[in-house]
Amino acid sequence: MRNINRRANNLFGLMDDFFENDVKGLFNTTFKLDVQEAEDKYIVEADMPGIKKEEIDLMLKDGELSISVKKEEVTNEEQKNYIHKERRLNTMSRKIYLPNTKPESVKAKLEYGILTVIIGKEEETKHKINID
């Protein structure tokens, strides 16, 4: 009975490893994102290893920052004898709401696999509402 349980545990362990590593990697549609808020700006950092700046699309509209990546790997399949291949078209995107942004102040740079976006903040205006 012990051998059966040990084999079952090994089988479940193998299945867990497969689904944790292989399948999750195939359907990964996101990237890690850090957002810092300073008094006068937001600093957004996104992990972009292996991504070129031409593959990144940044958009800021009504306080919503959208970061999209479309990376396509094209290889000549006839010349290579693959046993296992996972690199292919990959699209990822994230959106985050950042209130009181100044669209004209946005600066972005991609360096060492990290995309850094700096967005200036407008002074928050508060409107006092009188109650009748």
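Q: In E5, which residue is the bridge partner of Ser 66?
A: This is a predicted model, in which local features need pLDDT of at least 70 and side-chain atom pairs count only at pLDDT 80 or more, while totals for chains, interfaces and linings use all residues. Residues are numbered from 1 along each chain as its sequence is written, and side-chain values use heavy atoms, with hydrogens and water left out. Helices (H or I, at least four residues) and strands (E, at least two) are DSSP runs, numbered from the N terminus. In E5, Ser 66 has as its bridge partner Lys 95.

Q: How many bridges pair E4 with strand E5?
A: Two strands pair if DSSP finds at least two bridges between them. One of the partners listed in E5 is Met 92, which belongs to Val 69. E4 and strand E5 (residues 90–97) pair in the antiparallel sense, and the number of bridges is eight.

Q: Which residue stands opposite Leu 60 in E4?
A: E3 and E4 run antiparallel and are joined by six bridges. Their hairpin has two residues between the strands, and Asp 62 there takes a positive phi near 50°. Opposite Leu 60, in E4, stands Leu 65.

Q: What is the average twist from one strand to the next in the open sheet of three strands?
A: The three strands follow the order E3-E4-E5 with antiparallel pairing. E3 and E5 are the edge strands, each pairing on one side only. Angles run from 0 to 180 degrees between N-to-C directions, with axes fitted as lines to C-alpha atoms (for helices, over the stretch in contact). From one strand to the next, the twist averages 10°.

Q: Which are the edge strands of the open sheet of four strands?
A: The order in this sheet is E1-E2-E7-E6, and the pairing is antiparallel. Its neighbouring strands are turned by 15° against each other on average, direction ignored. An edge strand pairs on one side only, and here these are strand E1 (33–37) and strand E6 (107–111).

Q: Which residue in E7 stands opposite Lys 107?
A: E6 and E7 run antiparallel, with five bridges joining them. The loop between these two strands holds Tyr 112. Opposite Lys 107, in E7, stands Ile 118.

Q: Is Thr 116 buried or exposed?
A: Thr 116 has its place in strand E7. Leaving aside neighbours within four places in sequence, its contacts (heavy atoms within 4.5 Å) are Ile 43, Val 44, Glu 45, Lys 107, Ala 108 and Lys 109. Buried means under 20% relative accessible area, exposed over 50%, and partly exposed in between, with a 1.4 Å probe and protein chains only. Because its relative accessible area is 15%, Thr 116 is buried.

Q: Is Glu 55 buried or exposed?
A: Glu 55 is found in the loop between E2 and E3. Not counting neighbours within four places in sequence, Glu 55 is in contact with Gly 50, Ser 68, Val 69, Lys 70 and Lys 71. Its relative accessibility is 16%, so Glu 55 counts as buried.

Q: Is Tyr 112 buried or exposed?
A: Tyr 112 is not a glycine, yet it has a positive phi of about 55°. Asn 100, in the loop between E5 and E6, also has a positive phi, near 60°, and at 30% relative accessibility Asn 100 counts as partly exposed. Tyr 112 has 81% relative accessibility, so it counts as exposed.

Q: Which residues have the most contacts inside the largest nonpolar core?
A: A nonpolar core is a set of buried Ala, Val, Leu, Ile, Met, Phe, Trp, Tyr and Cys residues joined through side-chain atoms within 4.5 Å. Strand E2 (41–47), strand E3 (56–61), strand E4 (64–71) and strand E7 (114–120) each supply at least two residues of the largest core. Leu 65 touches Val 44, Met 59, Ile 96 and Val 117, among others, not counting residues up to four places away in sequence. The core has 17 residues, and those with the most contacts inside it are Phe 31, Met 48, Leu 65 and Ile 67.

Q: At what distance from the ring centre does Lys 121 lie over the face of Tyr 42?
A: A charge sits over a ring if NZ of Lys or CZ of Arg is within 6 Å of the ring centre and within 35 degrees of the ring normal. Lys 121 lies over the face of Tyr 42, and the distance is 5.1 Å.
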